[in-house]
Amino acid sequence: MTMQPLTLAVIGTGPRGISVLERLAVRLAETPPDRPVRIHAIDDIEIGAGRIWRTSQDDWYTMNTVAGQITMYSGTPDDGPWRPGAGPALDEWSLSRADVHSLGSDDYATRRTYGHYLRDVYRSIEQHLPEGVELISTRTRAKSLAARPGGGWFVELDRSPYMIAADHVLLATGHPKNLPDPFERRMIDFCARNAYGPHYECGDSAADMDLGERAIPAGSTVAIRGLGLSFYDVMLSLTLGRGGTFKTNGDRMTYIPSGREPYIVAGSRSGLPIPARGVNQKRPDHTHKARHLTKQAVAAARVRRRETTGNDQLSFTEDVWPLLIREVDQVYQDTHRAQGGVGALPELDLHKLARPFADKTFSSPGHFRTHLLQTMRADLDDAGLGNARGPLKAALDVLRDIRNVVREAVDYNGLLPASHEEDFNRQFLPVNSLLSAGPPAERVEQLYALIEAGQVDVIGPATEFTEDDAKGLFKISSPQVRGAVKWAAALIDARIPTPDLHRDTSELTVSLLSTGIVSEFFRTGPGTAPPVPTGGLNVTHAPFHVIGADGEVHADLYALGIPTEHTRWFTQVGSGKPGLNTLFKQDADAIARAMLAALDDDTDAFVARSATMMGSIR
């Protein structure tokens, strides 16, 4: 009897999906299987790149990690061909391609370039699979899953082949498209009431927004909500994307308009555009050796909590934050001393850095603009000192370096529910996002030039975005800046949507929830307080088996990346670092190992099980 192939389905071929495919290829090459293996890679946008990294987007959308620190290969090149387990980082790969811009180790790639790299990794996986293993590219949308008799899943698709029978399925579906939240719904309804008037775009990748001249005409006023990374993408779409140019003379950048741009009014809670990343001065394989916030320190804090309260959940403010601040401050002081710094440094207050205007009022928009430009210029000066020799940017880089330890503290109900919501979500995350994930300094320079040119106006802190039916326009104001009121015909929400199972519009997610195949992760704590819903997909620890609504752990269904945000923290990581066994690689390998474990089963058992399954399908 012919042995049925082990069939695997990977739904979503962005970085997380590709990472698992790469580790599957490595493991299959190391131990060629006696049983056939068939792998379906399913993506409805672009096989090998997904939606966010698709290769059709414009060049002004860039990454915020330098090319030398980005790899999708789980090992560095050797004397053999580039292949799964032994391939180049993004910078080295770019030098081999005549059709992409060559990148230095410290350069920032465009998202489109990274999409081409991901597709090359995918092709490398296809080309280096051992005999008996096939990778099938399936450009289609997964609609639902149904349990298969005897184990595994039927995957329903929206076009041919319409149905795949798989033994194991991975959900790596990436960034969601959400139903509108209350603010978004209010703005949508406002636009509906004022036909042919205002234009509103919900939060999403800027490459998927309608930012063209029909929706936002030249010379009109457009408001942008949010001053994070997506703000820069929208800003450039409305300036570079409209034919404008930036010129650099010495250390000064200026903007030359094309005349097709709108006037941009932007704002956020902080009123501070996300600061620049320091000029990179670190090797691609650099690792920070923590001295205070370590896994051992987190484990010890759990022991103390258990001994004193009978419960090992932590308080972020009491158990984690003091260690984190000591870690950041240690690097701040050490870097200052190493560079021969004289005198004491200013106190390092992360909250003040992230909210420099929190306790200030300004007498006029011009007054605020002067303070904003001074703050931005000081930040650019700090960025120029670098992330190894500049005390401030070296210290803030620690926030990136210690993410894995923070995960040890917060993942899977690691914090008391109230502390997670107040201390972590409301207090720490906004500060961390603003200070640790900035764009290249060039982006901040461009914004500075646009403000000086009068093309962009950051209105002030605590920005309020409201609608006015009488005018048919959006109103933008700052209560901390006297006279700061603007009116706009268009409003763009430049905030990345928060993953939430119940707001995800994907037909697959809706189906998985309605059938109870997946469940929501709830935060629980001691006492009788009710569980707290999170909107995150409930999974086990590695290899991240999906947990159903009945509490059943699906041994043949996995989820990885953004859908599991809230169960795990900071799942949007989209690459590994060359030469390091990063958590990104470990996550992928854990799933690959679990998916292939069936190949180690007794062959006779496989034959018997295959016969049973074929009989039930007939």
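**Exercise 1. Locate Phe544 and describe its backbone.**

Step 1. Phe544 sits in the loop between β19 and β20. Strands here are DSSP runs of E with at least two residues, and helices are runs of H or I with at least four; both are numbered from the N terminus.

Step 2. The model is predicted: local features need pLDDT of at least 70, side-chain atom pairs count only at pLDDT 80 or more, and totals for chains, interfaces and linings use all residues. Residues are numbered from 1 along each chain as its sequence is written, and side-chain values use heavy atoms, leaving out hydrogens and water.

Step 3. Phe544 has a positive phi, near 65°, and is not a glycine. Most residues other than glycine have a negative phi, and most peptide bonds are trans.

Step 4. Is Phe544 buried or exposed? Its relative accessible area is 4%, so Phe544 is buried. Buried means under 20% relative accessible area, exposed over 50%, and partly exposed in between, with a 1.4 Å probe and protein chains only.

Step 5. Now take Pro543, in the loop between β19 (532–537) and β20 (545–547). The peptide bond joining Ala542 and Pro543 is cis, with omega about 15°.

**Exercise 2. Find the loops that hold Pro161 and Ala462.**

Step 1. Pro161 belongs to the loop between β5 (153–157) and β6 (163–166). From Ser160 to Pro161 the peptide bond is cis, and omega is near 15°.

Step 2. Ala462 belongs to the loop between β13 (456–458) and β14. Its phi is positive, about 55°, although Ala462 is not a glycine.

Step 3. Why does Ala462 count as partly exposed? Because its relative accessibility is 26%.

**Exercise 3. Check the length of helix α4 and sort its residues by burial.**

Step 1. Helix α4 covers residues 182–193, twelve residues. The expected span is 1.5 Å times one less than the number of residues. That gives 16 Å, and the end C-alpha atoms are 16 Å apart, so the two agree.

Step 2. Which residues of α4 are buried? They are Phe183, Glu184, Met187, Phe190 and Cys191. These cover an arc of only 120° around the axis, which puts them on the same side of α4. The arc is that of the directions from the helix axis to the C-beta atoms.

Step 3. Pro182 and Ala192 are exposed, on the other side of α4.

Step 4. The buried residues of α4 pack against β8 (199–201), β9 (221–225), β14 (464–468), β15 (473–477) and β17 (490–493). Contact means heavy atoms within 4.5 Å.

**Exercise 4. Place Thr7 and list what it touches.**

Step 1. Thr7 is in strand β1 (residues 6–11).

Step 2. With a relative accessible area of 6%, Thr7 is buried.

Step 3. Leave out residues up to four places away in sequence: Thr7 then touches Arg38, His40, Ala165, Ala166, Asp167 and His168.

**Exercise 5. Describe the lining of the largest cavity.**

Step 1. On a 1 Å grid over the protein atoms alone, a cavity is a set of points where a 1.4 Å probe fits but cannot get out; lining residues have an atom within 4 Å of a point.

Step 2. Lining residues include Pro275, Arg277, Lys393, Asp397 and Leu435. The elements giving two or more residues to this lining are α10 (391–401) and α12 (417–436).

Step 3. Which element gives the largest share? The answer is α10, with four residues.

Definitions and conventions:
On a 1 Å grid over the protein atoms alone, a cavity is a set of points where a 1.4 Å probe fits but cannot get out, and a pocket is an open set with protein on both sides within 12 Å along at least five of seven lines; lining residues have an atom within 4 Å of a point.
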